[in-house]
Amino acid sequence: MSQSIAAHPDRLLPADPGTRSIARSLLARVQDLPIISPHGHVDAAVIEQDTPFPDPAALLVSPDHYVTRLIHASGVPLDRLRPPVDPSATAPESRTVWRALCEAWPLFEGTASGYWLRDQFRRVFGLDQEISGATADASFDAISARLQEADFRPRRLFKDFNIEVLATTDDPLDDLAAHRALAADATFHGRVLPTFRPDAYLNPAAPAWAGNVERLIAMAGDGGSGFAGYLTALQNRRRYFIEHGAVSADHGVRTPRTLKLDAADAERLFERSRSGRATGAERDDFEAHMMYQMARMSVEDGLVMTIHPGSFRNHHTDTFTKYGADTGHDIPFAVNYTEAIRPVLQDFGTNKDFHLVLFTLDETVFSRELAPLAGFYPSVYLGAPWWFLDAPDAMLRFRSAVTETAGFSRSSGFIDDTRAFCSIPARHDASRRIEAAFLARLVAEHRVSEDRAHDIIVDLVDASPRRVFKL
Amino acid sequence: MSQSIAAHPDRLLPADPGTRSIARSLLARVQDLPIISPHGHVDAAVIEQDTPFPDPAALLVSPDHYVTRLIHASGVPLDRLRPPVDPSATAPESRTVWRALCEAWPLFEGTASGYWLRDQFRRVFGLDQEISGATADASFDAISARLQEADFRPRRLFKDFNIEVLATTDDPLDDLAAHRALAADATFHGRVLPTFRPDAYLNPAAPAWAGNVERLIAMAGDGGSGFAGYLTALQNRRRYFIEHGAVSADHGVRTPRTLKLDAADAERLFERSRSGRATGAERDDFEAHMMYQMARMSVEDGLVMTIHPGSFRNHHTDTFTKYGADTGHDIPFAVNYTEAIRPVLQDFGTNKDFHLVLFTLDETVFSRELAPLAGFYPSVYLGAPWWFLDAPDAMLRFRSAVTETAGFSRSSGFIDDTRAFCSIPARHDASRRIEAAFLARLVAEHRVSEDRAHDIIVDLVDASPRRVFKL
Amino acid sequence: MSQSIAAHPDRLLPADPGTRSIARSLLARVQDLPIISPHGHVDAAVIEQDTPFPDPAALLVSPDHYVTRLIHASGVPLDRLRPPVDPSATAPESRTVWRALCEAWPLFEGTASGYWLRDQFRRVFGLDQEISGATADASFDAISARLQEADFRPRRLFKDFNIEVLATTDDPLDDLAAHRALAADATFHGRVLPTFRPDAYLNPAAPAWAGNVERLIAMAGDGGSGFAGYLTALQNRRRYFIEHGAVSADHGVRTPRTLKLDAADAERLFERSRSGRATGAERDDFEAHMMYQMARMSVEDGLVMTIHPGSFRNHHTDTFTKYGADTGHDIPFAVNYTEAIRPVLQDFGTNKDFHLVLFTLDETVFSRELAPLAGFYPSVYLGAPWWFLDAPDAMLRFRSAVTETAGFSRSSGFIDDTRAFCSIPARHDASRRIEAAFLARLVAEHRVSEDRAHDIIVDLVDASPRRVFKL
């Protein structure tokens with residue numbers, strides 16, 4: 001019964017009948033447009049090799065920290081939900097994991113994850129009953145059967161989902177073989193683009209940084225081993241990514257701080273960091289300077305620069321030790337962009353070929369800092385609401401917070417940021433519904449004409465991501 | 001005339017007719033459920049001794065800083081509204097105080113206090129006319145007459161209000177005689193539970209701290225006078241509270257900072273604080289460490305730990321000197337939980353028998369920090385919107401901010417936090433209406449099915465506080 | 001076609017039909033009330049001399065950083081939109097500037113600036129077609145023709161716009177000749193009041209501070225050249241402003257920090273700042289102390305004190321160098337009032353003749369700090385949403401954030417803060433519509449009676465600014 005809400009044509013649209021009617025007509029304009037996903041975490045090799053999906057738990061539960069998080073909060077230990085890091089330890093049985101989700105299902109009411117899962121259950125897996133503890137085996141079997149169908153493969157779904165562009169997130173030293181193979185494959189019609197993600201090569205506080213830097217210089221440098229050689233190696237890998245279709249470089253940083261240093265100071269911090277003698281403040285300065293360098297390189301090579309700050313990663317150390325990163329305990333904190341991003345904007349902010357997309361998990365910066373920045377600097381774009389904020393009410397708050405200052409032209413377009421391939425249509429559909437809902441209110445309040453709203457929603461869904469990500 | 005809005009069955013429900021109709025049906029499910037009040041400031045002795053209520057001003061105006069605050073802001077000095085600290089000074093006459101409220105009544109339009117007062121005037125005191133300066137004497141007399149009726153006594157109202165559980169807030173050295181007497185009284189059917197509130201024994205910056213510590217160790221210790229004896233005395237008093245029905249320990253702290261120290265450092269800070277030699281930073285460290293210790297004890301003895309940070313107490317010194325604490329000038333400021341609470345969560349966060357309820361007066365942490373924390377740690381619960389945020393729009397903002405990340409299962413249930421006994425039904429009624437309003441919107445937007453919404457509202461109003469506060 | 005939305009009688013009113021009907025009736029009560037504008041940036045001389053308005057671009061585009069900002073963000077360099085600082089450089093041709101606006105017009109959909117411009121186009125300039133790149137010449141010519149009409153002069157518009165009071169913002173050493181002439185002119189019936197704006201004389205970090213101080217002491221002092229003479233000179237100029245009709249002193253500060261110093265420390269910082277030896281921290285302390293002194297003088301001379309903090313001025317240095325201040329790159333940041341404003345409130349906060357109006361660009365302080373402060377201190381008033389927040393949704397968020405704590409009596413009334421004379425009616429009209437929209441929701445939810453809402457909206461629009469600004 002509850003499952004029927006996933007099928008309701010008016011889901012997420014405003015309740016007021018007049019406004020809903022406007023929203024329906026706006027939604028109709030964009031509902032069938034192709035999906036453009038310029039930032040996410042799907043594995044290109046899975047698409048290239050057309051790897052069949054594993055069982056329901058390994059596909060939909062264990063790797064999705066959005067999902068295991070809330071079940072864990074209800075008191076189910078993670079060892080019943082996902083495999084531990086230690087390969088010699090026992091991983092939970094799939095059917096047991098699935099049952100844990102089914103029993104915990106009521107916890108997801110009202111959540112973004114619950115909305116996406118319910119949408120997938122109905123539209124991707126064809127379940128017409130709500131999942132529940134009582135029917136856990138039946139739903140496990142039904143989804144398992146679907147996963148084994150010949151047409152339920154990544155490439156077929158890529159087409160069925162109407163995905164036009166899908167960007168992955170990749171290590172700078174990745175050979176991008178899967179991307180190359182897909183690009184060369186005449187039977188595959190989508191675009192799967194790599195994204196340059198150099199965090200572990202830029203931040204000396206990252207555990208493997210020194211080793212990463214050695215490998216980077218060895219594999220991609222010009223023979224020099226100092227700071228100049230390091231910069232050259234980074235430039236070379238960026239070029240390699242661009243040659244393989246990359247349009248952006250993504251930066252997951254603790255804070256949005258940037259810092260311009262002269263060459264001697266940068267060199268000195270680099271060497272102190274490599275030798276392990278740098279203080280915490282020096283490591284922070286070096287990372288902030290590397291953000292400046294990345295901006296400089298983006299100006300030169302054209303890669304769109306995206307910044308994702310403000311998450312305290314791996315908040316619970318024991319969980320990190322046993323289960324690794326991305327296991328549900330990355331917790332946001334307050335950020336400030338206005339001063340932090342200024343060194344980059346001073347030098348590159350009015351370069352209109354430079355595209356800098358700023359994300360936040362701290363909603364307060366939307367109206368206070370990001371909309372004013374994006375409303376002046378041609379380089380700055382508002383990153384779509386991300387992670388915890390990628391949800392219906394939060395997306396409405398975002399539009400309300402930024403539009404009156406920055407209009408509709410300065411935002412990135414929707415970013416699904418997901419590693420859950422089958423959730424991509426649900427996420428983009430939800431975003432389109434919320435854009436329709438927001439615009440419908442403005443039309444109903446005579447703030448935007450209905451004609452213009454039709455143009456705007458097409459621009460938001462389709463033209464914005466192409467423009468911002470240079471697609 | 002205006003008073004009639006207090007009687008409207010649809011008050012606080014959404015205006016859209018379709019959504020309102022859903023909200024009505026949700027409200028009907030919970031409107032008659034008993035009141036569970038796990039945190040507040042009513043005096044247990046008043047209930048135990050069934051003390052008649054004083055006059056209208058002393059009951060409804062003078063002690064309620066929510067009310068005197070706004071009259072004071074309009075230019076009425078506090079000496080016309082409440083007695084000063086100095087017992088030799090003249091206290092204002094009750095009828096005069098009441099007249100000040102009546103004349104100031106228009107100031108309360110749109111406020112939470114105004115809503116609760118209007119509800120009480122109609123439903124508890126039976127006034128059918130709006131109060132006003134012109135009718136001040138008449139309303140004073142009418143309420144005075146009601147206060148003298150035989151059935152207008154605390155115990156009878158406790159029953160009429162349908163209160164099942166009422167927690168008080170108590171000094172650690174309180175003998176809890178009133179609680180004990182009530183528990184032993186076969187003619188009284190409610191539960192009145194003490195709450196352990198040790199702030200003045202934990203924070204060396206509190207003026208009486210050193211003396212409190214001496215008394216604590218003398219009255220409840222094991223003979224040792226050092227840090228270990230102090231901890232033992234605290235443990236003993238917690239046990240005493242538990243034996244008298246306490247389910248929680250409450251902490252009103254300036255910031256949510258917690259700190260783990262080794263025994264030697266803790267001992268050293270304790271002794272430096274006792275001898276008055278501690279710096280401000282050392283006193284802060286000691287208090288932060290005592291929050292860690294309180295968490296450890298909660299893990300051991302099972303008391304729910306509640307934290308209320310972020311209020312700058314007694315902002316105006318002259319007012320504090322003349323009228324004491326809780327006189328309307330406690331002003332919130334920005335807080336950050338993510339790093340501050342981490343030491344406690346590192347060690348105890350995944351202990352699911354540990355219940356930690358986090359409150360905030362800074363709304364920005366709801367979506368940014370508290371929902372993500374409560375959405376991972378089994379120990380963490382979202383404290384209901386509190387104090388200035390305990391109001392219709394603020395409660396809706398809270399639900400919107402947290403639900404998409406943490407769902408409905410991770411919140412504490414409504415907390416009235418009041419010393420105004422007669423306002424308890426109004427506050428709980430308002431909360432239930434807002435829960436119905438929020439859920440009705442989700443139903444109208446096809447995000448939650450109506451069936452599930454009925455389950456959820458019962459859970460929010462009734463099961464959540466029982467579960468979170470171990471009732 | 002789109003232009004027709006500017007004519008819709010229900011623009012900005014809520015979509016729900018029942019609520020809209022209430023809002024219409026509330027709006028009707030205030031739609032024809034005179035405009036009271038107690039803070040803005042119009043030039044008094046323009047009114048006094050009844051200077052004809054220049055061409056469309058110089059009137060509506062080039063000087064308005066709200067407008068050039070967003071066109072600049074789309075990639076149009078500022079040299080095509082406004083004249084540079086260097087008088088020998090070429091200024092862009094007016095028709096070209098106008099065309100840039102017309103071509104960029106879709107960027108303004110959903111923004112506050114777009115709303116005001118569209119309203120002006122229709123109601124002030126009588127355009128009945130939406131502007132667009134294709135019709136740029138036609139709209140330029142139409143507006144140009146209107147500007148040359150004999151009745152399109154500042155004094156006539158002042159009357160047509162139904163402006164009763166208009167405050168300007170003036171340098172402390174301004175002779176206020178235009179204000180004096182207007183006051184003496186029996187043919188002019190409005191009030192044009194100066195506002196004392198001493199930032200450049202108080203903040204030692206301002207480039208011209210030392211020179212300003214010399215001029216101030218020379219022109220307005222009592223012969224003494226030290227700190228006491230400086231204070232006396234400031235007092236004298238405040239008196240001069242009061243004699244010319246000023247009701248307020250306005251302070252554009254980086255942060256809201258205030259600081260009480262004893263005379264010797266103040267004198268010392270003053271001399272160190274004058275001699276250029278002060279550290280950054282000392283200059284900050286001096287400015288914070290001067291805010292304390294300004295409060296003290298306001299208590300003595302009765303000028304309302306208004307504080308506008310939290311903007312990082314001239315964020316992009318190159319733009320500042322070429323185009324000067326107020327060119328669209330002032331970017332807000334987080335502020336905290338609770339501790340910062342305390343020194344002033346400790347000493348003057350309960351003086352009810354002291355009026356202190358606190359503004360913010362950081363919305364988070366509305367519910368957290370400003371409403372609690374204004375809900376206790378008789379001196380504190382909530383500044384209306386300002387600058388980026390002076391927009392329909394932001395104004396609704398403001399009312400929702402503050403009303404439940406502070407009611408409707410503690411806010412300043414609408415502040416247009418504009419240098420765009422022709423936009424004044426549009427801005428006040430939008431504000432009145434939003435007040436009606438907010439109150440209508442409270443009526444529809446049975447939180448305020450319709451009768452009282454009618455009183456409240458008149459108070460908000462008319463009585464509040466008169467009361468708060470002592471008009």
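Me: Which residue of chain C comes closest to the rotation axis?

Reply: In this predicted model, C:Asp16 has that place among the residues of chain C, with its C-alpha at 3.5 Å from the axis. For chain B the closest residue is B:Asp16, also at 3.5 Å.

Me: What makes chain C and chain A related as by a three-fold rotation axis?

Reply: Chain C superposes on chain A after a rotation of 120°, with 0.0 Å of shift along the axis and an RMSD of 0.0 Å. The two copies are thus related as by a three-fold rotation axis. For chain B, a turn of 120° and a shift of 0.0 Å along the axis lay it on chain A, with an RMSD of 0.0 Å.

Me: Why is it said that chain C and chain A meet through different surfaces?

Reply: Of the interface residues of chain C, only 5% are also interface residues in chain A, so the copies meet through different surfaces. The contact takes 42 residues from chain C and 43 residues from chain A. On the chain C side, helix 4 (65-73), helix 6 (112-123), strand 7 (331-332) and helix 18 (392-406) each supply at least two residues. Helix 4 of chain C has the largest share, four residues. By class, this side has 21 nonpolar, 13 polar and eight charged residues.

Me: What is the corresponding case for chain B and chain A?

Reply: Only 5% of the interface residues of chain B are also interface residues in chain A, so these copies meet through different surfaces. Here 43 residues come from chain B and 42 residues from chain A. The elements of chain B that each supply at least two residues are helix 1 (17-30), helix 16 (342-348), helix 17 (364-374), helix 18, helix 19 and helix 20 (450-468). Helix 17 of chain B gives the largest share, eight residues. The side of chain B that touches chain A has 13 nonpolar, 17 polar and 13 charged residues.

Me: Why are helix 18 of chain B and helix 19 of chain B called oblique to each other?

Reply: The axes of helix 18 (residues 392-406) and helix 19 (residues 424-444) of chain B come within 10 Å and cross at roughly 45°. Angles under 35 degrees would count as roughly parallel, and 65 to 115 as roughly perpendicular. The crossing angle of roughly 45° fits neither class, and the two helices of chain B are therefore oblique to each other. Helix 18 of chain B passes helix 19 of chain B in a right-handed crossing.

Me: Which residues make the contact between helix 18 and helix 19 of chain B?

Reply: Helix 18 of chain B contributes B:Pro392, B:Met395, B:Leu396 and B:Arg399, while helix 19 of chain B contributes B:Ala430, B:Ser431, B:Ile434, B:Ala437 and B:Phe438. They divide into seven nonpolar, one polar and one charged. B:Arg399 is the charged one, because Arg counts as charged.

Me: What shows where domain 1 and domain 2 of chain A touch?

Reply: The domain assignment gives domain 1 (53-152) and domain 2 (160-468) in chain A. Their centres, taken over C-alpha atoms, are separated by 29 Å. Even so, 18 residues of domain 1 of chain A are in contact with 18 residues of domain 2 of chain A. A pair counts as in contact if the C-beta atoms lie within 7 Å. On the domain 1 side, helix 4 (65-73) and helix 6 (112-123) of chain A each supply at least two residues. Helix 6 of chain A gives the most, six residues. This side of domain 1 of chain A has nine nonpolar, four polar and five charged residues.

Key
Residues are numbered from 1 along each chain as its sequence is written. Chains are lettered from A and ligands numbered from 1 in the order in which they are written. This is a predicted model: local features need pLDDT of at least 70, side-chain atom pairs count only at pLDDT 80 or more; totals for chains, interfaces and linings use all residues. Axes are lines fitted to C-alpha atoms, for helices over the stretch in contact, and angles run from 0 to 180 degrees between N-to-C directions. Angles under 35 degrees count as roughly parallel, over 145 as roughly antiparallel, 65 to 115 as roughly perpendicular and the rest as oblique. A crossing is left-handed if the near helix is turned anticlockwise from the far one by less than a right angle, and right-handed if clockwise. Two residues are in contact if their C-beta atoms, placed from the backbone, lie within 7 Å. Domain bounds come from an automatic or database domain assignment. Copies are superposed by least squares on the C-alpha atoms of residues with pLDDT of at least 70 in both.
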